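Welcome, and please open the model in your viewer. We will go from stop to stop, with a selection to make at each one.

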Amino acid sequence: MGLVETEIAGHDWKGMLCGCGDSAEHVALDLLRLAGRGPLREPGAVSLEEHVWSPATLWEPAPAVTSVALAALADDVTPRSRDRFLELLHRMVAGEGTDHGSARRGLDLPEVCRTLAVQGLWLLYGEVMSNRSLGAVGTAFEILSVVEPDRGRLHRVREIAADWLPVCCRTGLCDDDR
Ligand SMILES: [Zn+2]
Ligand SMILES: [Zn+2]
C-alpha cells in the first residue's frame, strides 16, 4: 500500500456529495485509477470535471482530492499519472467558487484547497527543479504562483529554473500576482 492508497483511505468519500449529485464514493475509485493502482494497474484517463471541479465551482470532495494529489506527488507514480495529479491540483487551487451546500456551511473551498497545497510547497519546488517534463515543470510552477505566500522565493526559483521553465512561467505571463 502506497501513500496514495493511504491518503484515499483516510477520507469519508461516501459522506461527501459529488458534483454529479451522487455520493463521492466513485471519486475514490477514480483517484486510484488515476494513480495506476486500480484493478487495471495502469493510469486511466479519468476526468473529475463536473464531479469535483468545473471552471466556476469546486464541490465538496475538492479538499480531499487536493490531499490525495499531494500524496501522489510524494508517492512513486508514473510520469503520466504525476502529470495528471499536477493538473488536478492546479484545478483545485485555481478554483473560484464553492458549491451551494459547502458555501452554506461557511466553507470557501478554493481557499481550503490553497491552504492544503501550501503544505506541499517543497514537493512542488522539487517538481520544478527536477526538470522532468516541460508540462510537469510548468504546472508545478503555476500552482506555486497561486499558493506561495513568499513571492521573493518564487521569483528566485524562477531565475534558477529559467532555462527549463515554459515561457509563460519564465516571463510571469501566467502569474496573476505579478
Ligand atoms: Zn460524481
Ligand atoms: Zn506558466
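Start by selecting Ala56, in the loop between helix 2 (25-34) and strand 1 (57-58). Helices (H or I, at least four residues) and strands (E, at least two) are DSSP runs, numbered from the N terminus. Before going on, note that this is a predicted model, in which local features need pLDDT of at least 70 and side-chain atom pairs count only at pLDDT 80 or more, while totals for chains, interfaces and linings use all residues. Residues are numbered from 1 along each chain as its sequence is written, chains are lettered from A and ligands numbered from 1 in the order in which they are written, and side-chain values use heavy atoms, with hydrogens and water left out.

Ala56 has a relative accessible area of 47%, so it is partly exposed. On this scale, buried means under 20% relative accessible area, exposed over 50%, and partly exposed in between (1.4 Å probe, protein chains only). Now add Glu96 and Gly97 to your selection: Ala56 touches both, leaving aside residues up to four places away in sequence. A contact here means heavy atoms within 4.5 Å. Ala56 and Glu96 are 40 residues apart along the chain, and their C-alpha atoms are separated by 5.8 Å.

**The zinc ion (ligand 1)**

Which residues hold the donors of this ion? Select Cys18 (SG), Cys20 (SG), His26 (NE2) and His51 (ND1), which lie 2.0 to 2.2 Å from the zinc ion (ligand 1). Donors are N, O and S atoms within 2.8 Å of the metal (3.2 Å for Na, K and Ca); water is not among the atoms, so sites may look incomplete. The angles among the four donor atoms are 105 to 118°, and the site is tetrahedral; for four donors, that term requires all angles to lie between 85 and 135 degrees. Cys18 lies in the loop between helix 1 and helix 2 and His51 in the loop between helix 2 and strand 1, so this pair ties together parts that are 33 residues apart in sequence. Cys18 is buried, at 3% relative accessibility.

**The zinc ion (ligand 2)**

Next, select Glu142 (OE), Cys168 (SG), Cys169 (SG) and Cys174 (SG), the protein donors of the zinc ion (ligand 2), at 2.0 to 2.4 Å from it. Glu142 in helix 8 (residues 134-147) and Cys174 in the segment after helix 10 (167-170) are 32 residues apart, a pair linking distant parts of the chain. The four donor atoms subtend angles of 101 to 120°, which makes this arrangement tetrahedral. Glu142 counts as buried at 18% relative accessibility, whereas Cys174 is partly exposed at 26%.

**The aromatic pair**

The structure holds one aromatic pair. Select Trp122 and Tyr125: their ring centres are 5.3 Å apart and their planes at 40°, so the pair is tilted. Rings of Phe, Tyr and Trp (its six-membered ring) pair if their centres lie within 6.5 Å; planes under 30 degrees apart count as stacked, over 60 as edge-to-face and the rest as tilted. Is each residue buried or exposed? Trp122 is exposed at 58% relative accessibility, while Tyr125 is buried at 4%.

**The nonpolar core**

Finally, select Trp13, Val27, Leu31, Phe85, Leu88 and Met92, the residues with the most contacts inside the largest nonpolar core, which has 50 residues. Such a core is a set of buried Ala, Val, Leu, Ile, Met, Phe, Trp, Tyr and Cys residues joined through side-chain atoms within 4.5 Å. Helix 3 gives the most to this core, with eight residues.

Note on methods:
Four donors count as tetrahedral if all angles lie between 85 and 135 degrees; four count as square planar and six as octahedral if opposite donors are over 155 degrees apart and all others between 65 and 115; anything else is irregular.
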